[in-house]
Amino acid sequence: MGRRFRNHSGVMGMIAQIRPGLAVGFLLLVAACSQGPDPRNWASTGRSWDEQHFSPLGLINADTVDELGLTWFADLNTDRGQEATPLVVDGVLYNTEPWNITTAYNAATGEQLWRYDPQVPLRFGRLACCDIVTRGLGFHAGESGGKVIIGALDGRLIALDAASGEEVWSMQTTDPADRYTITGAPRVYGDRILIGNGGAEMGVRGYVSAYDANSGELLWRWYTVPGNPADGFENAAMEAAAETWSGTWWQSGGGGTVWDAISYDPELDLVYIGTGNGSPWARKFRSPEGGDNLYLASIVALDGATGEYRWHYQTTPGEEWDYTATQQMVLADIEIDGVTRQVIMQAPKNGFFYVLDRATGELISAETIAPINWASGIDMETGRPIENPEARYGTIPVMVSPGAGGAHNWNPMAYSPATGLVYVPVTETYMAYAAAESYQPGRGLGTAFAGHDDIRREIADYADANSKGWLSAWDPVTQSERWRVPYAQKGSGGVLATAGNLVFQGTIGTTFAAYRADNGEKVWEMPVQNVPIAAPITYMVDDEQYIAVNAGWGGGLAHVERSAYSNLHLGPPRLLVFKLGGSAQLPPMPEESFVVPELSPPPAPEADDETVARGEALYGENCAICHGNAARGGVKDLRHMSPATHAAFAEIVLGGSRAANGMASFADVLTDEESQDIHHYLIARANEDWGD
Ligand code: CA
């Protein structure tokens, strides 16, 4: 083996490429997939509605992968996080980028067929907590021709004619005056489109909506947290949920946004949604008497036709660490204790790997996939975490693990029915959590990102020394790790598993790599000048199999902790496409990416302590979410502003002069004086750390 049989086509051709042992398993898989989507296409973000991120294609396999090479690439428009999983339908690749710029290419040659820019108003850049990203598209194969479905950052759901890129319909799924954004991929299940939204850092109330793919008409909507009881509850689930909240939670939205994961079981006609964190983060400010605050940080099953509540499992009751359960949910039928179970699996931010019965919501098992300290396990009698009381923070910072980035975040994991393993990008993280002194609805997270800097520095040092990332092959039956690939630091990408006994992942070492799915042996790796944080896909055109991935560092990790990644030398963000025998070459790395930017010393501090303290508080409320805890790192490290940036500070913060980069104007919430106070605080911070 190890040769390509270019004349073979179709499934039998693929099987011919695989060693006998695998071929048997592969045949079974093809049989199992015969009811599923065409294996040549990748028409939904997880390929199939079960979100397995698994492909039955096996021409590229553990024996042939050494011949894998780049065959075409496309430069991407925006130098921000590229989190999108592309789609491929019948030889056309559809890609989408920050600001929802969407493109169609000939999937074999890379010829661009069309480009569509929905002209998202730049002010929405400020409302996206974790970069102006998009995680992908939906595809509707309707009778009147295919449609590409975009969930735009500004809350629009847009259907494009797949052939021409012309708009067919557009629906506003959110109140554009409110602080919602969409970053998740729309899911298309038959003629239904499911879409959620983000904004739990901004004081919104989460919900998911179903739209008719042909007309764009709203079919149903399900809120994840209760609104003001005085307005009446939408349904019995909201009434039940209200019992688990106290105070006037609706004034701060409550959160629970469905910003990424949705799965669907067509036989049960159940839609599964993963819900996000509380708004604000600190529970005492949204529900002063405590409580579980349903349905935050939960997996919720809804009736596909009506959106009615069926069951829920709350991963983090009374959530206050940004422990979203929005991470991808994989559906599979696996044998546990001799019985085939219909399961739903999730590794949410909180560090546990959950296996539930997807018909009933019964918890089957849960174990930690990384070292954590907020809980010591799950009480299987009650299904509740055994919490470490110290993790429930007051105003003095405490170190909690995982941090808000989570032990596993949006980067898709993959499940291989051939190996029975789930391949999870895992992160070990630590973060300082502290409650703010006070909170006003709509302003900040109710947590402090500055103050007690001695404690924060200690926690940051510990976090820097102990944070790491790895690819874990997790056995969901035994709830244990089968193998792992350790990385030099956290931040590696989403995962693809294939019937070729391969697992593909972009690495924080600016490479794209393939491992044997059964034992983790690295069988292929290529430098790609950037970090492919998105999930790879695979597809076939004619008789050739392709692998595609977006490579562009950014997103939440870069936002919050960019300084931890100052060793990364990054080339332009690109869509990369590989095939066996591919011989395309990337242009040489731009020279400037190797040059350490000349750092100018900060201006001398001239403000009094009171001004700096005011600036610190304002920074925490308005800036920290993107520019880092105590201004350490972030999307741009503000301790390292150039003299030109210092001079243009007000123009940037209030004038919106860098809105196209995602830094929209704050003139609606900050006065001139407040902007100056923040500037003084940053100058003070820069002087404190100058020389570090
Ligand atoms: Ca969040």
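## Calcium site

In sequence, the donor residues of the calcium ion follow the spacing E-x75-N-x44-D, and in this predicted model the ion is coordinated by two OE atoms of Glu 201, by OD1 of Asn 277 and by an OD atom of Asp 322, at 2.3 to 2.8 Å. Glu 201 lies in the loop between β12 (192–195) and β13 (207–212), while Asn 277 lies in the loop between β17 (270–274) and β18, so the pair ties together parts that are 76 residues apart in sequence.

Both of these donors count as buried, because their relative accessible areas, 12% for Glu 201 and 1% for Asn 277, fall under the 20% cut-off.

## Cis peptide bonds

Most peptide bonds are trans. A cis bond, with omega about -5°, joins Ser 279 and Pro 280, and Pro 280 is placed in the loop that runs between β18 (278–279) and α4 (283–286).

Another cis bond, with omega also about -5°, joins Ser 401 and Pro 402; here the proline sits in the loop between β27 (398–400) and β28 (414–416).

## Residues with positive phi

Most residues other than glycine have a negative phi. His 452, which is not a glycine, nevertheless has a positive phi near 50°, and it is found in the loop between β30 (431–433) and α5 (453–466). With a relative accessibility of 40%, His 452 counts as partly exposed.

Thr 510 likewise has a positive phi, of about 55°, without being a glycine, and its place is in the loop between β34 (502–507) and β35 (511–516). At 16% relative accessibility, however, Thr 510 counts as buried.

## Overall fold and dimensions

The protein contains 11 helices and 39 strands, and its C-alpha atoms fill a box of roughly 75 × 60 × 45 Å along the principal axes. For 692 residues a compact globule would be expected to have a radius of gyration near 26 Å, and the value for the protein, 24 Å, agrees with this.

Of the 692 residues, 62% count as buried. Among contacts with a sequence separation of 6 or more, 62% are made by residues that are 24 or more positions apart.

## Surface and charge

The accessible surface of the protein comes to about 24900 Å², and carbon and sulfur atoms account for 50% of that area. The side chains include 45 that are positive and 85 that are negative, and the centres of these two sets lie 3 Å apart.

Note on methods:
Residues are numbered from 1 along each chain as its sequence is written. This is a predicted model: local features need pLDDT of at least 70, side-chain atom pairs count only at pLDDT 80 or more; totals for chains, interfaces and linings use all residues. Side-chain values use heavy atoms; hydrogens and water are left out. Helices (H or I, at least four residues) and strands (E, at least two) are DSSP runs, numbered from the N terminus. Buried means under 20% relative accessible area, exposed over 50%, partly exposed in between (1.4 Å probe, protein chains only). Donors are N, O and S atoms within 2.8 Å of the metal (3.2 Å for Na, K and Ca); water is not among the atoms, so sites may look incomplete. The radius of gyration is taken over C-alpha atoms; the globule rule is 2.2 Å times the number of residues to the power 0.38. Contact means heavy atoms within 4.5 Å. Accessible areas come from the Shrake-Rupley method with a 1.4 Å probe; for residues, only the protein chains shown count as cover. Lys and Arg count as positive and Asp and Glu as negative; His and the chain ends are not counted. The place of a charge is taken as NZ of Lys, CZ of Arg, CG of Asp or CD of Glu.
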